[in-house]
Amino acid sequence: MEHDREVVTNVDSTVDIVEEHQLNFGSEEERIGWKRENAIRQKDQRWKEKMDEILLQQRMSFELEKLERSNRIAAGKADARRKVLEEKVSLKQQELEREYRDRKRQVNIEKLELKRREAEEERIKKLKQEADAQQKERQLRVEHSKAVRREALIRRAAEKWTNKKLNDAMNENRAKNIDGIEAERHRRDLERVQQALKNGETKRQTRLDEL
């Protein structure tokens with residue numbers, strides 16, 4: 001930029017020299033006045049060029065700053081979007097982890113509940129089996145008791161019938177014995193009577209014979 005400005009200045013000086021030689025001044029004062037005005041004009045031109053350069057540099061700095069600010073804003077927005085996205089991802093991950101833990105806890109609860117129900121069903125089954133066994137045992141005891149009582153009744157009835165038959169037989173034998181004894185006694189009495197009669201007759205015959 002500085003090199004370009006020096007080139008422009010040198011060109012203007014050359015032009016001024018050419019113009020100075022081409023111009024026909026009526027007097028020295030006109031030439032000096034022209035040179036003064038030309039110097040002022042060149043000074044103004046250089047000031048204007050300097051101002052333009054400053055403005056250009058300011059504009060460039062402003063544009064660079066604006067671009068940097070825009071980049072910073074874009075980067076900030078990108079960071080904010082990234083943070084929002086990371087937060088959403090983190091929240092989603094936490095939600096998924098919470099759902100996984102809840103599901104795992106629910107599965108464990110269901111497993112424990114299933115084990116509890118199976119254990120309860122097994123306990124009830126055993127209790128029922130024990131109750132059925134006890135009921136069967138009681139039924140067997142009742143049936144055995146009934147059988148024992150029935151056998152006892154049958155035995156008592158048989159004993160009673162046997163005793164009756166035995167008593168009847170004994171009574172019959174006793175009656176027979178009594179009849180026999182009576183008959184024997186009657187026979188012996190008859191024999192004694194007959195013997196007495198026979199003895200009496202003998203005695204009577206003996207007396208008769210003695211007479």
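Which residue's side chain does Arg123 meet in a salt bridge? The partner is Glu120, with 2.6 Å from N to O. This is a predicted model, and its protein chain folds into two helices and zero strands. Salt bridges are a good way into this structure, and the count comes to 10.

**Overall picture**

- The protein chain has 211 residues, of which 4% count as buried.
- About 19,100 Å² of the protein chain is exposed, and carbon and sulfur atoms supply 56% of that area.
- Helix 2 covers residues 28-210, and the pairs described below Arg105 and Asp102, Arg123 and Glu120, and Lys128 and Asp132 lie in this helix.

**Confidence**

- Mean pLDDT for the protein chain is 78, and 77% of the residues reach 70 or more.
- Residues 1-16 have pLDDT below 50, and this stretch makes 11 contacts in the model beyond near neighbours in sequence.
- Where pLDDT is low, the predicted coordinates should not be read in detail.

**Salt bridges along helix 2**

- Side chains of opposite charge can pair when their charged atoms come close.
- Arg105 pairs with Asp102 in a salt bridge whose closest N and O atoms are 2.3 Å apart. These two residues are three apart in helix 2, about one turn of the helix.
- Arg123 and Glu120 are also separated by about one helical turn, because they are three residues apart in helix 2.
- Lys128 and Asp132 bring their side chains together in a salt bridge at 3.1 Å, N to O. Here the spacing is four residues in helix 2, so about one helical turn separates Lys128 from Asp132.
- Beyond these pairs, a network of salt bridges links Asp79, Arg82 and Glu86.

**How exposed are the partners?**

- For the first pair, Arg105 counts as partly exposed at 45% relative accessibility, and Asp102 is partly exposed too, with a relative accessible area of 35%.
- In the second pair, Arg123 has a relative accessible area of 43% and is partly exposed. Its partner Glu120 is partly exposed as well, at 29%.
- In the third pair, Lys128 counts as exposed because its relative accessibility is 53%, and exposed means over 50%. Asp132, at 42% relative accessibility, counts as partly exposed.

**To take away**

- Arg105 with Asp102, Arg123 with Glu120 and Lys128 with Asp132 are three salt-bridge pairs to look at in the viewer, alongside the network of Asp79, Arg82 and Glu86.
- When you turn to residues 1-16, keep in mind that the pLDDT there is below 50.

Methods:
Residues numbered from 1 in each chain as written. Predicted model: local features only at pLDDT ≥ 70, side-chain atom pairs only at ≥ 80, totals over all residues. Heavy atoms only, no water. Buried < 20%, exposed > 50% of the residue type's maximum accessible area, 1.4 Å probe, protein only. Areas by Shrake-Rupley, 256 points an atom, 1.4 Å probe, with all protein chains shown as cover. pLDDT = per-residue confidence, 0-100. Contact = heavy atoms within 4.5 Å. Salt bridge = Lys/Arg side-chain N within 4 Å of Asp/Glu carboxyl O.
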